[in-house]
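Work through the exercises below with the sequence and the coordinates open. Each task is followed by a solution in steps.

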Amino acid sequence: MTTSRPISALRVALLGTSLVALAACEPGGGFDPDLRNYSQIGLDTSAAAMQASAARPAPDARGIISYPNYQVAVARRGDTVESVAARVGLPAAELAGYNALQPGMQLREGEIVALPRRVAGAAPVTAAPVMGAPATAPGGRIDVTTIASGALDRASATPAPQPAAAPAPAPVSGTEPVRHRVQRGETAYSVARLYNVDVKALADWNGLGPDLGLREGQTLLIPVANATRPAPVAVTAPGQGSPTPTPPSASTPLPAEKTTPAAAPVKTPPPADLGAEKTAASSGSKLAMPVQGKIIRGYQKKKNEGIDISASAGSSVTAAGDGTVAAITKDTEQVPILVIRHEGNLLTVYANIDGIAVAKGAKVSRGQTIAKVRASDPAFLHFEVRQGFDSVDPMPYLQ
């Protein structure tokens, strides 16, 4: 009997890459990384949610967070690579190269920029000040050394007193976060799963954008666990809990019970309207098979989040229902993955495909060709159905 090649745990985890980014994007453009308002899709983050993360430490006046073994800078609104480099006292080219950034690149507010080496005091600000930030040196003094040093020399033969160097930032107390250098093909979700942390905490600590996008070579701080733990539940020994009421006895009989007969018989409730409570699987909007073939691997929660359908390489893969292409991404082996959003908070996922014929955001119709089955041994289509936050067995939707 022919069986499909099992999809590795890492590959299955990365199958949800685009789904996580999609779930975190709200219609108004806001960011909902904890997936509370999942109007589109999400993946199971319950294991990571159990690891409650502490808040990221506050940076100093220059935006630097110092740990015993390294330092990072936190970008402010309107910052560029050059403005951050000038504020911390490092060459812009060195800072950009260390963080896989391009010179002049605009940074997100709250984005983490790793420092290639420790800095102690403030460097003269040579770049234009950030919009909304005063052109001052640390400590509130106006940095006139660069702005008008020539004029000061001509105005007085006595050299102007040099401002005292700023003290080295004090290291943050507590656990030092692990630094993770992003590799090609990694996503915020795969990194969060790798360290068993909440993807929301990872996004908050590193100032990730609404799409949770990462770049190769980027340095991420892995959130540390919150030291606060819930108080243990007190357990009492048998016989030491709530007092047990004294049972009635023959010497102290119970009082006579007086009951009032019902004035009228209870009315029989009307029969329930079962047609008013249809689910997506029981309604007329059932899904069509995306490809014709035999199911060679069934649905198993947290082991195989969908079904594998045997099909010859190059067979047409069609949309299971009307909807919109929500995401197109790739797994670690660069095999495309396609996600379609349907009505009723329902999504379908198509993996082990090639030759995608639609673009992200395109409207598709039930039965429309969207891709081809990828050549593999054996060739098959991996198909998932997700209702809200969880994967569900596709078979009730297909029958």
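**Exercise 1.** Find which residue of β2 is the bridge partner of Ile65, then describe the pairings of β2.

Solution. Step 1: Ile65 has Val72 as its bridge partner in β2. The model is predicted, so local features need pLDDT of at least 70 and side-chain atom pairs count only at pLDDT 80 or more, while totals for chains, interfaces and linings use all residues. Residues are numbered from 1 along each chain as its sequence is written, and side-chain values use heavy atoms, with hydrogens and water left out.

Step 2: β1 (residues 64–66) pairs with β2 in the antiparallel sense over three bridges. Strands here are DSSP runs of E with at least two residues, helices are runs of H or I with at least four, and both are numbered from the N terminus. Two strands pair if DSSP finds at least two bridges between them. Four residues lie between β1 and β2, and the two strands form a hairpin.

Step 3: β2 is also joined to β3 (residues 112–114), by three bridges and again antiparallel. In β3, Ala114 stands opposite Val72.

Step 4: Check the faces of β2 (residues 71–74). Gln71 and Ala73 on one side are buried, as are Val72 and Val74 on the other, so both faces are covered. Buried means under 20% relative accessible area, exposed means over 50%, and partly exposed lies in between (1.4 Å probe, protein chains only).

**Exercise 2.** Determine how many of the eight residues of α4 are buried, and what covers them.

Solution. Step 1: Seven of the eight residues of α4 (residues 81–88) are buried, so the helix is largely enclosed by the rest of the structure. The buried residues are Val81, Ser83, Val84, Ala85, Ala86, Arg87 and Val88.

Step 2: The cover over these residues includes β1, β2 and α5 (92–98); contact means heavy atoms within 4.5 Å.

Step 3: Gly89 follows α4 and has a positive phi, near 85 degrees.

**Exercise 3.** Give the strand order of the open sheet that contains β14, and say why one side of β8 and of β12 is left without a neighbour.

Solution. Step 1: The order is β8-β14-β12, three strands with antiparallel pairing.

Step 2: β8 (316–318) and β12 (353–354) stand at the edges with a single partner strand each, so each has one side without a neighbour in the sheet.

Step 3: β12 pairs with β14 (residues 369–373) over two bridges, in the antiparallel sense. There, Ile353 has Val373 of β14 as its bridge partner.

**Exercise 4.** Locate the backbone exceptions among Leu212, Asn345 and Pro378, and state whether Leu212 and Asn345 are buried or partly exposed.

Solution. Step 1: The reference is that most residues other than glycine have a negative phi, and most peptide bonds are trans.

Step 2: Leu212 is not a glycine, yet its phi is positive, about 55 degrees. It sits in the loop between α8 (199–206) and β5 (219–221). With 7% relative accessibility, Leu212 is buried.

Step 3: Asn345, also not a glycine, has a positive phi of about 60 degrees. Its loop lies between β10 (336–342) and β11 (346–351). Asn345 is partly exposed, at a relative accessible area of 24%.

Step 4: Asp377 and Pro378 are joined by a cis peptide bond with omega of about -5 degrees. Pro378 belongs to the loop between β14 and β15 (380–387).
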